[in-house]
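The following exercises are intended for a reader meeting this structure for the first time. Please keep the sequence and the model in view while working through each solution.

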Protein chains: 2
Amino acid sequence: MSRLLHALVDGEDSTRLSVLDRGLHYGDGVFRTVRVERGVPCNLTRQLARLSDDARRIGLAAPDTESLSAQAMKLSAGRTQGVLKILLTRGQGDRGYRSTAAKPTVIQLLYSMPEYPAACWRAGICLRTCETRLAINPRLAGVKHLGRIEQVLARAEWDDPMIHEGLMLDTEDRVIEGVSSNLFLVRDGELLTPDLSRCGVAGVTREMILEAAPAYTRAVRIRDIDMTELRAADECLVCNSVIGVWPVIRFENTQWPVGPVTRKLQAHFGDACPRGV
Amino acid sequence: MSRLLHALVDGEDSTRLSVLDRGLHYGDGVFRTVRVERGVPCNLTRQLARLSDDARRIGLAAPDTESLSAQAMKLSAGRTQGVLKILLTRGQGDRGYRSTAAKPTVIQLLYSMPEYPAACWRAGICLRTCETRLAINPRLAGVKHLGRIEQVLARAEWDDPMIHEGLMLDTEDRVIEGVSSNLFLVRDGELLTPDLSRCGVAGVTREMILEAAPAYTRAVRIRDIDMTELRAADECLVCNSVIGVWPVIRFENTQWPVGPVTRKLQAHFGDACPRGV
């Protein structure tokens with residue numbers, strides 16, 4: 001569980017937001033989740049670049065990344081660990097889908113680091129299949145926008161604390177991602193991850209793995225993956241900016257060892273906290 | 001344009017919401033838009049029943065409709081006209097898709113009635129095709145949840161004040177609905193409206209038209225409709241709880257008269273404000 005430690009709304013200390021905010025009414029905004037380690041938001045430049053990309057994808061002006069960065073640094077200063085969530089919405093507007101918002105709202109929330117068992121990194125985790133599917137819409141694919149009801153419904157499908165992630169398929173049975181993570185497979189020395197051009201969220205850790213992987217694998221491929229191929233993999237892992245890399249050791253009747261490529265990627269990222277930009 | 005007149009958050013006068021609300025973070029909630037006429041929210045019982053249905057669809061406990069109804073009546077009292085938006089979210093929670101919210105948030109917002117030209121009812125409107133498509137996900141089809149970024153992107157596609165609605169297709173080219181309305185066609189004396197079992201929002205006015213139509217048409221059919229069939233229609237109309245029924249008289253190169261079934265449905269609903277339950 002991750003509890004709120006400090007909140008900024010448009011740069012000011014506040015835990016309140018206008019009821020007219022379009023983030024609430026329409027999911028009309030984008031966000032990033034950033035790990036904070038030893039007082040510093042990890043990979044912040046890259047995270048803000050992706051936030052700006054996603055803002056553009058939904059027709060929002062690029063945010064002032066210098067100002068966002070200063071706020072993020074201020075919130076993170078002095079914290080040993082934490083999770084920073086940065087939300088950018090289209091701002092307050094009148095009723096109706098048409099935007100009358102004068103300026104975007106920026107919300108930065110610093111939370112405590114969730115207490116995952118060390119075994120998630122060392123021994124690996126169990127994955128289950130979610131019944132809730134990801135809808136296909138290339139117009140929004142990859143974008144981390146605020147409309148995440150599919151993930152909420154998927155996460156509500158299980159209570160078992162031994163299961164640490166749920167696998168989401170698209171409505172046409174392709175393997176896409178975890179509820180709150182991206183997914184990679186290793187097969188015959190190749191690293192594979194699902195194509196996110198129809199749906200899914202393109203995370204920063206996924207991007208960093210794709211960049212780092214050529215040093216550790218024979219080839220890296222982004223393409224469609226089905227359940228048969230998932231089960232036939234030699235290694236399986238999930239990743240996001242908070243957890244870094246978790247090996248997947250069990251998926252229903254399929255079991256995997258914690259493989260060498262997974263271990264190399266964990267080592268590359270300093271075990272838990274992805275380093276980089 | 002529709003401006004805020006009065007706001008209640010959990011029954012209290014307030015225009016502020018917690019930044020931890022899951023409605024903001026995930027679009028994790030549902031809503032209804034209700035026309036207010038002569039101090040009374042139109043079709044409130046039916047609207048609250050649909051709100052409860054949608055809440056159940058996303059795993060929220062049914063709201064206390066008596067309390068919601070009392071709040072809605074209080075906000076509407078003494079108002080000649082207005083638009084009431086009722087939002088029900090999963091409430092405040094910790095970070096993460098898994099719900100830790102103790103209780104839902106209820107927000108009721110009373111807005112001024114938007115000033116549409118009378119010609120929209122009398123002479124009819126122009127419709128255009130949106131490039132933004134509706135993603136297909138039967139799990140959420142029909143539900144008026146808070147994740148409406150597709151509608152926001154679709155509405156941002158045009159500025160021309162002579163165009164009053166945009167037509168949305170699904171990602172497989174079916175005709176589904178207007179950006180903020182449902183759509184009906186008349187063909188050979190039959191009333192047709194798109195099947196909303198894959199995507200779309202099932203409005204209360206659509207439901208009331210489906211119930212009323214047997215008195216005015218030979219048959220009523222809910223089924224898949226494509227662009228060819230749309231263009232070949234004898235009449236076309238859009239509807240929602242604020243506007244009631246608007247004839248569509250032009251869709252790109254296609255023109256329609258304001259037909260007799262459309263006029264009968266307008267008359268049935270007292271021209272602008274749907275009456276009923």
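**Exercise 1: The edge pair of the chain B sheet**

Val40(B) in β5(B) is the bridge partner of Glu37(B). The model is a predicted one, in which local features need pLDDT of at least 70 and side-chain atom pairs count only at pLDDT 80 or more, while totals for chains, interfaces and linings use all residues. Residues are numbered from 1 along each chain as its sequence is written, chains are lettered from A and ligands numbered from 1 in the order in which they are written, and side-chain values use heavy atoms, with hydrogens and water left out.

Task: Determine how β4(B) and β5(B) are joined, and state the order of strands in the open sheet of chain B.

Solution.

Step 1. Strand β4 (residues 29-37) of chain B runs antiparallel to β5(B), and two bridges join them. Strands (E, at least two residues) and helices (H or I, at least four) are DSSP runs, numbered from the N terminus. Two strands pair if DSSP finds at least two bridges between them.

Step 2. The open sheet has six strands in the order β2-β1-β7-β6-β4-β5 (chain B), with antiparallel pairing.

Step 3. β2 (12-13) and β5 (40-41) of chain B each have a single partner strand and stand at the edges, so one side of each has no neighbour in the sheet.

**Exercise 2: Helices on the chain B sheet**

Task: Identify which strands α2(B) lies across.

Solution.

Step 1. The strands crossed by α2(B) are β4, β5 and β6 (81-89) of chain B, and the helix runs at about 175 degrees to β4(B). Axes are lines fitted to C-alpha atoms, for helices over the stretch in contact, and angles run from 0 to 180 degrees between N-to-C directions.

Step 2. α3(B) also packs on the sheet, where it touches β1 (4-9), β4, β5, β6 and β7 (105-111) of chain B. The direction of α3(B) makes about 25 degrees with that of β7(B). Contact means heavy atoms within 4.5 Å.

**Exercise 3: Two helix crossings in chain B**

Task: Describe the packing of α2(B) with α3(B), and then that of α2(B) with α6(B).

Solution.

Step 1. Helix α2 (residues 44-57) and helix α3 (residues 65-76) of chain B have axes 11 Å apart and pack at an angle of about 135 degrees. That makes α2(B) oblique to α3(B). Angles under 35 degrees count as roughly parallel, over 145 as roughly antiparallel, 65 to 115 as roughly perpendicular and the rest as oblique.

Step 2. α2(B) and α3(B) cross in a right-handed sense. A crossing is right-handed if the near helix is turned clockwise from the far one by less than a right angle, and left-handed if anticlockwise.

Step 3. From α2(B), the contact is made by Leu44(B), Leu48(B), Leu51(B) and Ser52(B); from α3(B), by Thr65(B), Leu68(B), Ser69(B), Ala72(B) and Met73(B). Six of the residues of this contact are nonpolar, three are polar and none is charged. Here Ala, Val, Leu, Ile, Met, Phe, Trp, Tyr, Cys and Pro count as nonpolar, Asp, Glu, Lys and Arg as charged, and the others, Gly among them, as polar.

Step 4. The axes of α2(B) and helix α6 (residues 204-212) of chain B come within 10 Å and cross at roughly 115 degrees. The two helices α2(B) and α6(B) are therefore roughly perpendicular to each other, and their crossing is right-handed.

Step 5. Arg46(B), Gln47(B) and Arg50(B) of α2(B) make the contact with Val204(B), Glu207(B), Met208(B) and Glu211(B) of α6(B). The residues of the contact of α2(B) with α6(B) comprise two nonpolar, one polar and four charged.

**Exercise 4: Strands and confidence in chain A**

Task: Locate the edge strands of the open sheet in chain A, examine the hairpin of β9(A) and β10(A), and report the confidence values.

Solution.

Step 1. Six strands form an open sheet in the order β2-β1-β7-β6-β4-β5 (chain A), and the pairing is antiparallel. β2 (12-13) and β5 (40-41) of chain A are the edge strands, each pairing on one side only.

Step 2. Strand β1 (residues 4-9) of chain A is joined to β2(A) by two bridges, and the strands run antiparallel. Leu8(A) stands opposite Asp13(A) in β2(A).

Step 3. Three bridges connect the antiparallel strands β9 (residues 163-169) and β10 (residues 175-178) of chain A. Leu169(A) has Val175(A) in β10(A) as its bridge partner. The hairpin has five residues between the strands, and Asp173(A) takes a positive phi near 75 degrees.

Step 4. Chain A has a mean pLDDT of 95, with 97% of its residues at 70 or more; pLDDT is the predictor's confidence in each residue, from 0 to 100. Over residues 273-277 of chain A, pLDDT stays under 50. For the complex, the predictor gives an ipTM of 0.95 and a pTM of 0.95.
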